[in-house]
Amino acid sequence: MSSPSPIAGPLSTESLDWDKGEGLLPAIVQDADSLRVLMVGYMDRDALRATQNTGLVTFYSRSKQRLWTKGETSGHVLELAGVQADCDSDALLVLARPRGPTCHLQRASCFPAAPAIAGEAAPPAGDIGFLSELDALIARRARERPEGSYTTGLFEAGVRRIAQKVGEEGVETALAGVAQNDAQLLGESADLIYHLVVLLHSRGLSLADAVQVLAQRHRR
């Protein structure tokens with residue numbers, strides 16, 4: 001994935017009230033597409049500049065006592081879409097597009113029930129929200145390649161074999177849709193989704209990238 005371009009028209013650090021929080025401002029991160037609140041962090045002047053210059057959301061870590069770019073270890077970065085100050089200039093709203101789960105528990109949001117578009121409740125962990133966990137797990141398999149893992153075997157076989165599996169599972173899902181019961185259709189659908197996510201990661205993409213395309217289509 002290429003680095004995002006710097007955001008035009010950055011928010012001036014001089015326009016903000018840094019004294020109230022002793023040099024730190026709370027930064028609320030919101031999904032730019034679903035409007036779900038993802039997490040809360042803190043920014044100092046340098047973190048805000050880094051965020052706007054690189055296009056990757058960066059905080060000041062109070063525990064590490066340094067700048068910390070979200071996803072610098074996991075790869076689950078937050079790509080900046082925009083940033084604005086509140087009416088008192090002592091808090092920030094950061095709009096971003098997540099590349100993978102935001103929460104360290106592999107959830108889409110650090111607030112599991114945070115609402116999304118139109119006030120709809122976010123899917124609970126273990127339901128549709130589990131897809132973020134699956135996406136993160138497959139990403140780890142792609143990086144670490146543990147021995148004995150079926151997913152590792154797929155990655156080692158290469159993208160052509162993975163694509164073949166997606167094709168096979170797609171056909172089996174279609175056949176189940178017209179000739180088998182609900183349980184069999186759901187089983188084949190689960191197999192298809194899993195292999196599709198593996199295929200995306202074999203190409204350096206993620207499920208979040210595909211979801212972003214769906215979100216963009218939804219807004220048209």
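Residues 1-8 stay under pLDDT 50, and the model has 12 contacts beyond four places in sequence for them. This is a predicted model. Across the protein, mean pLDDT is 86, and 89% of the residues reach 70 or more. The secondary structure comes to six helices and six strands.

**Confidence**

- Helix 4 (residues 159-179) has the highest confidence in the protein, at a mean of 96.
- Helix 6 (residues 207-219) has the lowest, at a mean of 80.

**Overall build**

- The order of elements from the N terminus is β-β-α-β-β-β-β-α-α-α-α-α.
- Of the 220 residues in the protein, 39% are buried.
- Take the contacts between residues at least 6 apart in sequence: 53% of them join residues at least 24 apart.
- The protein has an accessible surface of about 12,300 Å². Carbon and sulfur atoms account for 55% of that surface.

**Strand 6 and its partners**

- Strand 6 covers residues 92-98, and its side chains alternate between two faces.
- L92, V94, A96 and P98 point to one face and are buried. L93, L95 and R97 point to the other face and are not buried.
- Strand 6 pairs with strand 1 in the parallel sense, over five bridges. In this pairing, I28 stands opposite L93 of strand 6.
- Strand 6 also pairs with strand 5 (residues 78-85), here in the antiparallel sense and over seven bridges. V83 has V94 of strand 6 as its bridge partner.
- V94 is thus named twice: it is on the buried face of strand 6, and it is the bridge partner of V83.
- Strands 5 and 6 form a hairpin, with six residues between the two strands. In its turn, S89 has a positive phi of about 60°.

**The loop between strands 1 and 2**

- D33 lies in the loop between strand 1 (25-31) and strand 2 (37-43).
- D33 counts as buried because its relative accessibility is 11%, under the 20% cut-off.
- The D33 side chain makes a polar contact with the side chain of R97, at 3.1 Å. R97 belongs to strand 6, on the face whose side chains are not buried.
- L35 sits in the loop between strand 1 and strand 2 as well.
- L35 has a positive phi, near 70°, and is not a glycine. Most residues other than glycine have a negative phi.
- L35 is partly exposed, with a relative accessible area of 44%.

**The hairpin of strands 3 and 4**

- Strand 3 and strand 4 run antiparallel and are joined by four bridges. F59 stands opposite W68 in strand 4.
- The two strands form a hairpin with four residues between them.
- Q65 is in the loop between strand 3 (58-61) and strand 4 (66-69). Its phi is positive, near 60°, in a residue other than glycine.
- Q65 counts as exposed because its relative accessible area is 53%, over the 50% cut-off.

**Helix 2**

- Helix 2 (residues 130-144) has 15 residues. It reaches 21 Å from first C-alpha to last, close to the 21 Å expected at 1.5 Å a residue.
- Its buried residues are L134, D135, A136, I138 and A139.
- R145 follows helix 2 and has a positive phi, near 50°.

**Helix 5**

- Helix 5 (residues 182-202) has 21 residues. Its first and last C-alpha are 30 Å apart, close to the 30 Å expected at 1.5 Å a residue.
- At the start of helix 5, a side-chain oxygen of N181 reaches to within 3.2 Å of the backbone nitrogen of A183.
- The buried residues of helix 5 are E188, Y194, H195, V197, V198, L199, L200 and H201.
- Just after helix 5, G204 takes a positive phi of about 80°.

Technical notes. Residues are numbered from 1 along each chain as its sequence is written. Side-chain values use heavy atoms; hydrogens and water are left out. The expected span of a helix is 1.5 Å times one less than its number of residues. Buried means under 20% relative accessible area, exposed over 50%, partly exposed in between (1.4 Å probe, protein chains only). A polar contact is a pair of N or O atoms within 3.5 Å; within protein, one must be able to donate a hydrogen and the other to accept it, and residues adjacent in sequence count only if both atoms are side-chain atoms. Two strands pair if DSSP finds at least two bridges between them. pLDDT is the predictor's confidence in each residue, from 0 to 100. Contact means heavy atoms within 4.5 Å. Accessible areas come from the Shrake-Rupley method with a 1.4 Å probe; for residues, only the protein chains shown count as cover.
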